[in-house]
Amino acid sequence: MYEATYYEVVSLPAPTPAGFLSAAAPGMRVVVRYRIEGGLTDALGHLVACDAGACTVRTRQADVVIPLERIVAAKEVPPAPERRRPRA
């Protein structure tokens, strides 16, 4: 069985953000940075779906549909911390 060397592993090309999202499992918590008029913005939430033209991220406020050609970065993020209970 062939085992890749360290150099071969670290020198593999990273997937594009759209490629990462296309391969990601629905339900994965992600942050997606994408272009909007006037700059960039982020969508933080759970990946709902990703097809050939767009991906959908469920944020706290709404489902955000992002065209793949506008995405500049994307990655998996850890689960949100539990909310603190208000002090009495």
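This note walks through a predicted model, point by point, for a colleague new to it.

1. Ground rules. The model is predicted, so local features are taken only at a pLDDT of at least 70 and side-chain atom pairs count only at pLDDT 80 or more, while totals for chains, interfaces and linings use all residues. Residues are numbered from 1 along each chain as its sequence is written, and side-chain values use heavy atoms, with hydrogens and water left out.

2. The strand framework. A good place to start is with S1 and S2, which pair in the antiparallel sense over eight bridges. Strands here are DSSP runs of E with at least two residues, helices are runs of H or I with at least four, and both are numbered from the N terminus; two strands pair if DSSP finds at least two bridges between them. Within this pairing, Tyr34 stands opposite Thr41 of S2. The hairpin of S1 and S2 has two residues between the strands, and Gly38 takes a positive phi near 95° there.

3. On to S3. S2 also pairs with S3, again in the antiparallel sense, over four bridges. Three residues make up the hairpin connection from S2 to S3. If you would like a landmark, look for His46, whose bridge partner in S3 is Arg58.

4. The nonpolar core. The largest such core has 14 residues. A nonpolar core is a set of buried Ala, Val, Leu, Ile, Met, Phe, Trp, Tyr and Cys residues joined through side-chain atoms within 4.5 Å. Buried means under 20% relative accessible area, exposed means over 50%, and partly exposed lies in between (1.4 Å probe, protein chains only). Leu21, Val30, Val32, Cys55, Val57, Ile66 and Ile71 have the most contacts inside the core. Strands S1 (29-36), S2 (39-50), S3 (54-58) and S5 (71-76) each give two or more residues to this core, and S1 gives the most, with three.

5. Val32 up close. Which residues does Val32 contact, leaving aside its neighbours within four places in sequence? They are Leu21, Thr41, Asp42, Ala43, Val57, Ile66, Ile71, Ala73 and Ala74, where contact means heavy atoms within 4.5 Å.

6. Salt bridges. How many salt bridges does the structure hold? There are two, each being a side-chain nitrogen of Lys or Arg within 4 Å of a carboxyl oxygen of Asp or Glu. One links Asp42 with Arg33, their closest N and O atoms being 2.7 Å apart. Asp42 is partly exposed at 38% relative accessible area, and Arg33 is partly exposed at 39%. The other brings together Asp63 and Arg58, at 2.8 Å from N to O. Asp63 is partly exposed at 40%, as is Arg58 at 46%.

7. A buried arginine. Arg29, found in strand S1, is buried yet has no salt bridge. The nearest side chain of opposite charge is that of Glu76, 9.4 Å away; for this purpose Lys and Arg count as positive and Asp and Glu as negative, with His and the chain ends not counted. The side chain of Arg29 does reach the backbone oxygen of Pro78, at 2.4 Å. Beyond residues up to four places away in sequence, Arg29 touches several others, including Leu44, His46, Lys75, Val77 and Pro79.

8. A last stop at Ala23. This residue belongs to helix H2 (residues 17-23) and is exposed, with a relative accessible area of 68%. Ala23 and Cys50 are 27 residues apart in sequence, and their C-alpha atoms are 8.6 Å apart in space.

How values were computed:
A polar contact is a pair of N or O atoms within 3.5 Å; within protein, one must be able to donate a hydrogen and the other to accept it, and residues adjacent in sequence count only if both atoms are side-chain atoms.
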